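Biologist: Could you walk me through this model, and tell me what stands behind each term you use?

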Amino acid sequence: MSVTRRGFVVGASSATMLAGAAAHAQGKGKYDDGASDTEIKIGNTMPYSGPASAYGVIGKAIDAYFKMVNDKGGINGRKVKFISLDDAYSPPKIVEAARQLVEQEKVLCLFNTLGTPTNTAIHKYMNLKKVPHLFLATGASKWGKPKEFPWTMGWQPDYHTEGVIFAKHILANVKDAKIAVLMQNDDYGKDYYEGFREGLGKDVSKIVKHVTYEVTDPTVDSQIIQLKDSGANAFFNIATPKFAAQAIRKAADIGWKPAHYLNNVSASVAAVMKPAGYDNGQDIITAAYLKDPTDKQWDGADDMKAWREWMAKYNPGANMGDGFNVYGYAVAATLEKTLEQCGNELTRANLMKQAANLKKLVVPLLLPGITVNTSPTDFYPIQSMRLQRFKGETWELFGDVMSNESA
Amino acid sequence: MEQLIQQVASGLANGAIYACVALALVMIFVSTDHINFAQGEMAMFSTYISWQLIQWGLDYWIAFFAAVAISFVAGVLIERIVLRPLHTAPVLSIIVVFIGLLAICNSVAGTVWSYLIKEYPTPFPKEVFGFSGLIGAHQLGVVVVTLLVLSLLFVFFRYTPLGLAMRAAAQNPVSARLAGVRVDWMLALGWGLAAAVGAVAGMMVAHIVYLDPNMMAGILLYAFAGALLGGISSPGGAVLGGFMVGVLENLVAYLGNAIEKGFGVYIIGNGEKLTVALIIVITVLTLKPSGLFGRVVVKRV
């Protein structure tokens with residue numbers, strides 16, 4: 001019985017292959033599922049509902065970006081069909097959504113699926129199915145392993161790299177550093193912390209106090225009191241926007257003035273520095289790779305002007321101060337250029353090959369001096385950041401582009 | 001020693017937040033005999049309304065009282081429109097409605113006002129309230145407001161005929177109706193009051209934790225703990241319970257640090273704050289099911 005069934009499957013699939021070959025001969029390009037002469041299907045999942053729904057903005061921005069691309073004639077003449085499903089930031093739900101996108105919608109790739117726990121849940125599935133799992137919206141360091149997972153690639157600088165950058169800066173600039181660390185108690189926080197420890201190397205004992213908070217904690221006031229009590233003169237703040245703002249304000253309230261390093265996750269002026277109080281946030285240092293839409297210094301930049309026009313035309317009603325709209329725009333532009341580079345060979349294998357062959361690609365809204373670089377062994381598209389210091393009401397860039405390209 | 005004092009002060013300040021929300025939970029319970037899971041989200045929504053009014057240029061206190069009034073009306077309407085038809089439905093259906101309300105309030109607020117955190121102003125000037133240095137001006141203000149709301153509620157339930165009627169309607173609807181109390185309206189009024197108290201809590205909390213649609217999620221957990229610890233049927237107990245939970249969680253972290261420093265081993269700390277608080281609640285409830293200050297309800301059958 002099983003022999004017959006296998007025979008049927010083989011027969012059926014070879015028939016499809018023949019049909020496929022025939023189609024290839026007629027069309028103007030080579031295609032896998034999800035691509036044709038007229039259309040490219042791209043799948044995505046986002047938490048449009050649930051506790052992380054703030055990130056849903058990114059999905060809407062990407063959708064709006066591809067509307068603009070289609071209005072301009074598409075990518076190499078092909079219209080983009082962007083299918084974005086709700087995963088509620090829930091691992092079981094994203095598995096269901098990914099299967100729907102791959103097996104029913106037959107998309108060419110999954111793009112910018114959001115979240116570390118969610119992407120972890122489909123990591124193996126995507127690689128088993130050999131469907132590109134591209135430019136993920138998470139900064140975990142585990143997405144750049146081409147040997148084990150040749151179909152998965154991140155996008156933004158990973159938390160680990162950023163931790164290393166901060167550690168190096170502290171060692172070089174803070175005399176007799178005694179370091180205090182506030183950390184969100186989950187994978188995101190630990191990724192940063194491990195990078196930071198690695199960056200400190202033999203000086204890891206300079207961390208005099210390490211405290212954690214849970215996302216259910218109403219405030220981090222108690223933690224900041226503990227950190228101040230340790231007598232630390234440098235502070236690495238690994239917190240999401242709300243808690244980061246609380247930490248900045250509380251430190252100022254109780255008169256603790258360490259050299260303050262803030263993770264990029266919370267580098268927004270509108271969502272962190274303003275609520276924390278501009279006075280309380282002076283001289284804080286953070287690392288960034290994207291332009292902050294609320295930072296006045298970019299008002300004259302061409303890409304920021306183009307972004308504002310696009311916001312008004314394609315994403316009306318979205319918040320101009322929300323950095324996620326910048327993020328969605330920049331990551332969608334990266335995919336657009338990658339697909340352009342694929343030419344008429346829109347196969348999954350070629351898409352991965354091109355994604356791993358981006359050389360000094362200039363993407364709009366990345367900070368000056370930062371480009372996208374990948375190779376068959378380097379699956380970390382953006383690995384550079386620039387340090388910036390808070391002065392008045394904006395961030396001031398200083399120093400060179402910092403990177404950890406070896407990672 | 002300085003750290004201990006600061007931790008206790010900060011614990012009291014957090015406790016005031018829990019106490020405020022716990023008070024709203026108690027309000028609903030006393031007047032309707034239900035626990036409203038959507039209480040936190042309703043309070044958050046009221047806070048957004050007041051924020052919007054302030055954005056439109058109204059004075060803080062005008063916006064404050066307007067938001068309280070709007071919340072009161074909204075609370076009454078929710079009872080009349082949503083819960084009235086479920087009058088005789090089993091408790092489980094009502095809980096589902098509460099959870100639905102929670103989700104609706106959260107998503108609507110997110111859609112209308114976005115998920116970006118917003119600063120919320122404080123009405124307590126630093127010169128008047130910030131004398132101690134240990135506890136922030138706003139935190140002290142919250143403690144005062146909580147105690148004020150508590151005493152108002154106490155007077156209302158204890159000394160006014162309406163308050164008495166409301167308690168009667170919640171505890172024994174059948175007899176209350178026989179005695180001439182309009183039970184339906186009492187329930188609606190209870191909802192209105194709870195929504196109003198919730199609004200006050202939300203507006204006090206928002207300056208501390210910042211305004212965003214999810215600001216109440218964590219707080220509601222602690223408020224539940226506070227309310228249950230003090231006794232869900234006693235407003236005074238709930239307030240005290242809230243303060244106790246606030247101080248306890250900070251002391252857990254402080255003790256954890258002290259142990260780590262003294263013996264070099266990590267036993268408890270920041271990660272276990274909520275766990276320890278909840279263990280204490282469970283212990284209290286096991287020994288004294290109605291809470292520390294709750295009255296034991298005896299129903300004659």
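**Reading the two chains**

Modeller: Happy to. This is a predicted model, and chain A holds 12 helices and 13 strands.

Biologist: What makes chain A as compact as a globular protein of that length?

Modeller: The radius of gyration of chain A is 23 Å, and the globule rule gives 22 Å for 407 residues; the two values are close, so chain A counts as compact as a globular protein of that length. Along its principal axes, the C-alpha trace of chain A spans about 75 × 50 × 35 Å.

Biologist: How many of the residues in chain A are buried?

Modeller: Buried residues are 50% of the 407 in chain A. As for contacts in chain A between residues at least 6 apart in sequence, 70% join residues at least 24 apart.

Biologist: Let's take one residue. Why is A:D158 called buried?

Modeller: The cut-off is 20 or more other C-beta atoms within 10 Å. A:D158 has 25 of them, so A:D158 is buried. You will find A:D158 in the loop between β5 (133-134) and α5 of chain A.

Biologist: Which residues does A:D158 touch, leaving aside neighbours within four places in sequence?

Modeller: A:D158 is in contact with A:G139, A:A140, A:S141 and A:Y380. Its C-alpha atom is also 8.7 Å from that of A:K142, a residue 16 places away along the chain.

Biologist: On to helix packing. What makes α5(A) oblique to α6(A)?

Modeller: Helix α5 (residues 159-173) and helix α6 (residues 187-200) of chain A pack at an angle of about 40°, their axes 7 Å apart. Angles under 35 degrees would count as roughly parallel, and 65 to 115 as roughly perpendicular. The angle here falls in neither class, and therefore α5(A) is oblique to α6(A). The crossing of α5(A) past α6(A) is right-handed.

Biologist: Which residues meet there?

Modeller: From α5(A), they include A:Y159, A:F166 and A:L171, and from α6(A), A:Y188, A:Y192 and A:F196 are among them. By class, this contact has 10 nonpolar, 5 polar and 5 charged residues.

Biologist: And how do α3(A) and α4(A) pack?

Modeller: Helix α3 (residues 91-104) and helix α4 (residues 116-129) of chain A pack at about 35°, with their axes 8 Å apart. α3(A) passes α4(A) in a right-handed crossing. On the α3(A) side, the contact is made by A:P91, A:I94, A:V95, A:A98 and A:V102, while α4(A) brings residues including A:I122, A:Y125 and A:M126. The residues of this contact divide into 10 nonpolar, 1 polar and 1 charged.

Biologist: What about α3(B) and α9(B): at what angle do they cross?

Modeller: The axes of helix α3 (residues 60-83) of chain B and α9(B) cross at roughly 145° and come within 7 Å. That crossing is right-handed. Among the residues that meet are B:F64, B:F72 and B:I78 of α3(B), with B:L187, B:W191 and B:M203 of α9(B). This contact divides into 18 nonpolar, 4 polar and 2 charged residues.

Biologist: Last one: how many residues does each chain give to the contact between the chains?

Modeller: Chain B gives 30 residues and chain A gives 31. On the side of chain B, the elements with two or more residues are α1 (2-32), α4 (91-113), α9 (183-209), α10 (216-230) and α11 (235-263). α1(B) gives the most, with 6 residues. The residues on that side divide into 12 nonpolar, 15 polar and 3 charged.

How values were computed: Residues numbered from 1 in each chain as written. Chains lettered and ligands numbered in written order. Predicted model: local features only at pLDDT ≥ 70, side-chain atom pairs only at ≥ 80, totals over all residues. Helix = DSSP H or I, 4+ residues; strand = E, 2+ residues; numbered from the N terminus. Rg over C-alpha atoms; globule rule 2.2 N^0.38 Å. Buried ≥ 20, exposed ≤ 12 C-beta atoms within 10 Å, placed from the backbone. Contact = placed C-beta atoms within 7 Å. Nonpolar A, V, L, I, M, F, W, Y, C, P; charged D, E, K, R; others polar. Axes fitted to C-alpha atoms, helices over the stretch in contact; angles between N-to-C directions. Parallel < 35°, antiparallel > 145°, perpendicular 65-115°, else oblique. Left-handed = near helix turned anticlockwise from the far one by under 90°.
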